[in-house]
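The following paragraphs lead the reader through a predicted model, passing from the loops to the helices and then to the interior. Please keep the sequence and the coordinates at hand.

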Amino acid sequence: MNDDCSNPSEFNVPPWFYSDLEMQVEDSSLQEIFAHWRSLKGDNTLPLASKIDPIDLRAHLGNLFMVRVENGGEEFVYSLIGTKIAETLTRDSTGRRVEDTFPEDHPILALYRLITRERRPVRTHGQLNWVDKEFKRFESVMLPLADDDGTVIKILGAALYFTETPGNPA
């Protein structure tokens, strides 16, 4: 997989993983989180990581995750995994490197590198095949956060899981 490509189809692994660089977010809860992220931007091109307050997102806490960007955007570590995510995936990956939590051929690292490099949000959706839960589909948003110098240092994410039919949260 080419990590330098920003063509969304390069990240797709049909039928279980799709990327959306246009941010066509379907779920209203994820739309709220995305709107909150945009509201924090102000005059900056990206919201500051220091502006994220869990109290502002309390209705979504169980579905949130936070990824620390390390080593100039080459490594990514989960610093927070919401309880609903941990329950659905049957694991809490807090403190683990992203690459240790996904199969080797999964495009997630390439997407995190794209988010960091291009400083842009990404939506993903599909099925949870990589954790043997093909019967569940997901939608997620991954939103870059910067430090005072404008460097992406964190990625705020949210993931929702659905069983069989759209609009039926698991």
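Thr-90 is placed in the loop between H2 and H3. Its phi is near 55 degrees, a positive value in a residue other than glycine. The backbone angle deserves attention because most residues other than glycine have a negative phi. With a relative accessibility of 62%, Thr-90 counts as exposed, since the threshold for that class is over 50%. A second residue invites the same inspection. Arg-119 is not a glycine either, yet it has a positive phi of about 55 degrees. Arg-119 belongs to the loop between H3 and S4, and it follows H3. Its relative accessibility is 29%, and Arg-119 therefore counts as partly exposed.

These loops can be placed within the overall fold. The chain has 3 helices and 6 strands, and along the sequence they are arranged in the pattern β-α-β-β-α-α-β-β-β. Of its 170 residues, 49% count as buried. Among contacts between residues at least 6 apart in sequence, 55% join residues that are at least 24 apart.

Helix H1 is a convenient place to begin with the helices. H1 has 12 residues and reaches 16 Å from its first C-alpha to its last, close to the 16 Å expected at 1.5 Å a residue. Which residues of H1 are buried? They are Ser-29, Leu-30, Ile-33, Phe-34, His-36 and Trp-37. Viewed down the helix axis, the buried residues of H1 fall within an arc of 155 degrees, and they therefore line one face of the helix. As background, an α-helix has 3.6 residues a turn, so residues three or four places apart point the same way. Phe-34 also takes part in an arrangement with a charged group: the charged end of Arg-38 sits over its ring, 4.3 Å from the ring centre. Elsewhere in the chain, Arg-137 lies over the face of Phe-162, at 4.4 Å from the centre of the ring.

Helix H3 comes next. Of its 11 residues, 9 are buried, so H3 is largely enclosed by the rest of the structure. The buried residues of H3 are Ile-108, Leu-109, Ala-110, Leu-111, Tyr-112, Arg-113, Leu-114, Ile-115 and Thr-116. Leu-111, which lies in this helix, has a relative accessible area of 0% and is therefore buried. What does Leu-111 touch beyond residues up to four places away in sequence? The residues in question are Phe-11, Phe-17, Ser-19, Val-122, Thr-124 and Met-142. For one of these partners, Ser-19, the separation along the chain is 92 residues, while the C-alpha atoms of Leu-111 and Ser-19 are 8.4 Å apart.

The interior can now be considered as a whole. In soluble globular proteins, nonpolar side chains tend to be buried together. In this model, the largest nonpolar core has 50 residues, and those with the most contacts inside it are Phe-65, Val-98, Tyr-112 and Met-142. At least two residues of this core come from each of H1, S2, S3, H2, H3, S4, S5 and S6. The largest share, 8 residues, is supplied by S6. Setting aside neighbours within four places in sequence, Met-142 is in contact with Phe-65, Ile-108, Leu-111, Tyr-112, Ile-115, Pro-121, Val-122, Thr-124, Ile-155, Leu-156 and Gly-157. Leu-111 and Met-142 are thus in contact with one another.

Aromatic side chains complete the picture. The structure holds 4 aromatic pairs. In one of them, the rings of Phe-65 and Tyr-78 have centres 6.2 Å apart and planes at 75 degrees, so the pair is edge-to-face, a class that requires an angle over 60 degrees. Phe-65 is in strand S2 and Tyr-78 in strand S3, 13 residues apart, and the pair links distant parts of the chain. Both of these residues, Phe-65 and Tyr-78, are buried. Another pair is formed by Phe-76 and Tyr-112: the ring centres are 5.4 Å apart and the planes stand at 40 degrees, so this pair is tilted. Because Phe-76 lies in strand S3 and Tyr-112 in helix H3, the pair ties together parts that are 36 residues apart in sequence. Phe-76 and Tyr-112 are buried as well.

Note on methods:
Residues numbered from 1 in each chain as written. Predicted model: local features only at pLDDT ≥ 70, side-chain atom pairs only at ≥ 80, totals over all residues. Heavy atoms only, no water. Phe/Tyr/Trp six-rings, centres within 6.5 Å; stacked < 30°, edge-to-face > 60°. Helix = DSSP H or I, 4+ residues; strand = E, 2+ residues; numbered from the N terminus. Buried < 20%, exposed > 50% of the residue type's maximum accessible area, 1.4 Å probe, protein only. Lys NZ or Arg CZ within 6 Å of the ring centre and 35° of its normal. Contact = heavy atoms within 4.5 Å. Core = buried A, V, L, I, M, F, W, Y, C linked by side-chain atoms within 4.5 Å. Expected span 1.5 Å × (residues − 1). Arc of directions from axis to C-beta.
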